[in-house]
Amino acid sequence: MPMLWMGVVQISFGVLSLFVFRDNNAAAFFEPGFVLVFIAAILIFTFSKTDISQISNRDALLFATLTWVLCGILGALPIEIVTRVSYVDAVFESISALTTTGATILSGLDEMPRSFLMYRQFLQWMGGLGIVIFVVAVLPMLNVGGMRLIKAETPGPVKDEKLSPRIANTAHYFWFVYLLITVLCALAYYFAGMSMYDAIAHSFTTVSTGGFSTHDASLGYFNSHGIFVIANVFMLLGAISFGLHFRVLHSGKPGLYWQDEETRIFIYIVVFMALMLALYLFNKQSYSTAGECISYAFFYVISFITSTGFGGDDISGWPEATGMFLVFCGYLGGCAGSTAGGNKIIRDIVTFKVIRRELKKLLHPHSQVVLRYQKKQVADDTRNAVMAFMSLAAGSSMVITLLLVCTGMDFWSAFTAVAACVNVLGPGFGEVGSNFQPVSDFGTVLLSAAMILGRLEYFTVLALFIPAFWRY
């Protein structure tokens with residue numbers, strides 16, 4: 001249960017604060033942690049006879065949504081105690097961590113207790129794995145926005161009517177892959193010059209494509225292009241399907257990455273967008289050498305398209321057009337079945353093929369153009385779900401942006417703040433270029449909801465408000 005888990009996590013960080021970091025911050029974790037464990041124990045004893053072995057689609061949707069909401073609320077308790085921010089802001093920070101968004105209302109991170117900073121990092125790592133399990137276990141069954149396309153690629157069978165008990169096996173597969181990549185990332189950071197503390201902390205938020213850092217300057221604090229390269233590699237690994245990672249490890253065939261249409265096109269897009277940005281920065285003389293332009297271009301394109309949101313330099317001095325370019329990268333997103341946000345490349349591919357097919361039919365009205373993905377025909381219901389998702393993603397962004405503008409923010413700041421939250425990206429521009437402190441309380445609540453909406457793929461949350469859904 002989420003309450004018990006969050007309590008255990010907070011008590012664990014209290015122990016770390018007391019015996020490892022020795023930063024006199026243990027009480028901030030022990031107090032809420034023990035209360036949550038006590039309440040959870042009472043609830044478990046009260047409902048111990050409830051049969052939860054058979055979980056339906058509706059149960060899965062409700063549980064997934066409430067888990068993110070409840071964990072966000074409970075995870076905020078130590079944040080409020082340590083930072084003295086309002087509880088609304090603390091919940092925003094907590095939800096941002098758990099959804100791997102990376103948007104923050106905090107500043108002065110370099111002076112904060114090390115146990116607290118590691119707690120923020122760990123929340124992102126924990127949320128990253130949670131969303132991977134959710135994507136491969138729940139969304140394919142519901143055909144949410146075409147996610148059924150990845151069902152056949154998921155290790156461990158998933159039944160259509162209920163979650164299979166063997167989903168536990170799938171969870172074990174992903175735990176192993178996720179942990180392995182995290183350890184490799186931490187070691188790479190350490191040998192590149194980070195302290196062990198920073199290496200572990202940043203490995204948590206690199207593999208989860210979360211983007212939180214222990215420093216206000218993010219990865220720019222280390223002033224190392226070698227660290228940027230390592231971050232690029234592991235951000236990309238975090239943004240590629242973990243089901244695909246497992247199949248590669250299990251078979252020992254790295255060529256499977258290139259055979260996968262989504263991954264192949266994802267890499268093509270990253271390289272193309274980064275080279276475009278590098279050429280533009282070089283043409284505008286943003287940096288003195290072509291090497292710097294290429295390094296920063298690849299770092300920021302990968303950071304945005306994987307929805308990680310790490311910072312490497314002060315990009316407020318970049319040409320204005322680069323802001324919209326990076327926001328566009330954020331909407332493209334990473335691969336399905338990964339920790340990345342955005343629309344997901346699999347949906348971008350299907351959308352592009354639908355548009356191309358309609359253009360061909362304009363030229364040849366009587367032609368029969370078959371829509372294929374991975375050399376297999378895409379069913380009409382999957383195609384319709386993809387198009388509905390893309391429409392909903394665009395519509396939601398505009399509606400939430402207009403609501404945020406009504407709170408007094410200018411349009412550009414509001415738009416990039418919403419784009420950062422619905423794509424679980426993190427950084428914005430304009431008023432929210434440094435952090436989200438300028439956002440009003442209402443706007444903060446709105447953006448917190450936007451993060452959950454985007455992280456759980458829109459339909460997952462919105463379906464709960466449709467009466468007809470509960471009658472089936």
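Let's start with a charge and a ring: the charged end of Arg114 sits over the ring of Tyr197, at 4.0 Å from its centre. Keep in mind that this is a predicted model. A second arrangement of this kind involves Arg347, whose charged end sits over the ring of Phe389, 3.6 Å from the ring centre. Hold on to Arg347, as it comes back later in the salt bridges.

From charges over rings, let's move to rings paired with rings. A pair of aromatic rings is described by the distance of the centres and the angle of the planes. Searching the whole structure turns up 30 aromatic pairs. Phe13 and Tyr119 make one of them, with 5.6 Å from centre to centre and 80° between the planes, which is edge-to-face. What does this pair tie together? Phe13 belongs to helix 1 (residues 2-21) and Tyr119 to helix 5 (residues 114-137), so the pair links parts that are 106 residues apart in sequence. Phe13 counts as buried because its relative accessibility is 6%, and Tyr119 counts as buried too, at 0%.

Stay in helix 5 for another pair, Phe122 and Trp125. Their ring centres are 5.9 Å apart and their planes meet at 35°, so this one is tilted. The two residues are 3 apart in the helix, so about one helical turn separates them. Both Phe122 and Trp125 are buried.

Aromatic residues also gather in a bigger group. One aromatic cluster is formed by Phe228, Tyr287, Tyr296, Phe299, Tyr300, Phe304, Trp318, Tyr331, Phe411, Trp412, Phe415 and Phe429. Two of its members, Phe228 and Phe299, turn up again among the contacts of Leu219, which is a good way into the core.

In soluble globular proteins, nonpolar side chains tend to be buried together. Here the largest nonpolar core has 132 residues, and Tyr189, Leu219 and Phe436 are those with the most contacts inside it. Which residues does Leu219 touch, once its neighbours within four places in sequence are set aside? Its contacts are Tyr189, Met194, His202, Ile227, Phe228, Ala231, Phe299, Phe310 and Gly311. Tyr189, then, is both a contact of Leu219 and one of the residues with the most contacts in that core.

What about the cysteines? A disulfide is a covalent bond between the sulfur atoms of two cysteines. The search of the whole structure finds 0 disulfides. Cys293 counts as buried, with 1% relative accessibility, and so does Cys335, at 0%.

Finally, the salt bridges: the count comes to 6. In one of them, the side chains of Lys344 and Glu457 meet at 3.7 Å, N to O. Lys344 lies in the loop between helix 14 (321-332) and helix 15 (345-363), while Glu457 lies in the loop between helix 18 (441-455) and helix 19 (459-462), so the bridge ties together parts that are 113 residues apart in sequence. Lys344 is buried at 3% relative accessibility, and Glu457 is buried at 1%.

Arg357 and Glu358 form another salt bridge, at 3.6 Å, N to O. Buried or partly exposed? Arg357, at 14% relative accessibility, counts as buried, whereas Glu358, at 38%, counts as partly exposed. Arg383 also has a partner, Asp380, with the closest N and O atoms 3.5 Å apart. Both lie in helix 16 (residues 380-405), 3 residues apart, or about one turn of the helix. Arg383 counts as buried at 17% relative accessibility. And here Arg347 returns: salt bridges that share partners join Lys344, Arg347 and Glu457 into one network.

Definitions and conventions: Residues are numbered from 1 along each chain as its sequence is written. This is a predicted model: local features need pLDDT of at least 70, side-chain atom pairs count only at pLDDT 80 or more; totals for chains, interfaces and linings use all residues. Side-chain values use heavy atoms; hydrogens and water are left out. Rings of Phe, Tyr and Trp (its six-membered ring) pair if their centres lie within 6.5 Å; planes under 30 degrees apart count as stacked, over 60 as edge-to-face and the rest as tilted. Helices (H or I, at least four residues) and strands (E, at least two) are DSSP runs, numbered from the N terminus. Buried means under 20% relative accessible area, exposed over 50%, partly exposed in between (1.4 Å probe, protein chains only). A charge sits over a ring if NZ of Lys or CZ of Arg is within 6 Å of the ring centre and within 35 degrees of the ring normal. A nonpolar core is a set of buried Ala, Val, Leu, Ile, Met, Phe, Trp, Tyr and Cys residues joined through side-chain atoms within 4.5 Å. Contact means heavy atoms within 4.5 Å. A disulfide is a pair of cysteine sulfur atoms within 2.5 Å. A salt bridge is a side-chain nitrogen of Lys or Arg within 4 Å of a carboxyl oxygen of Asp or Glu.
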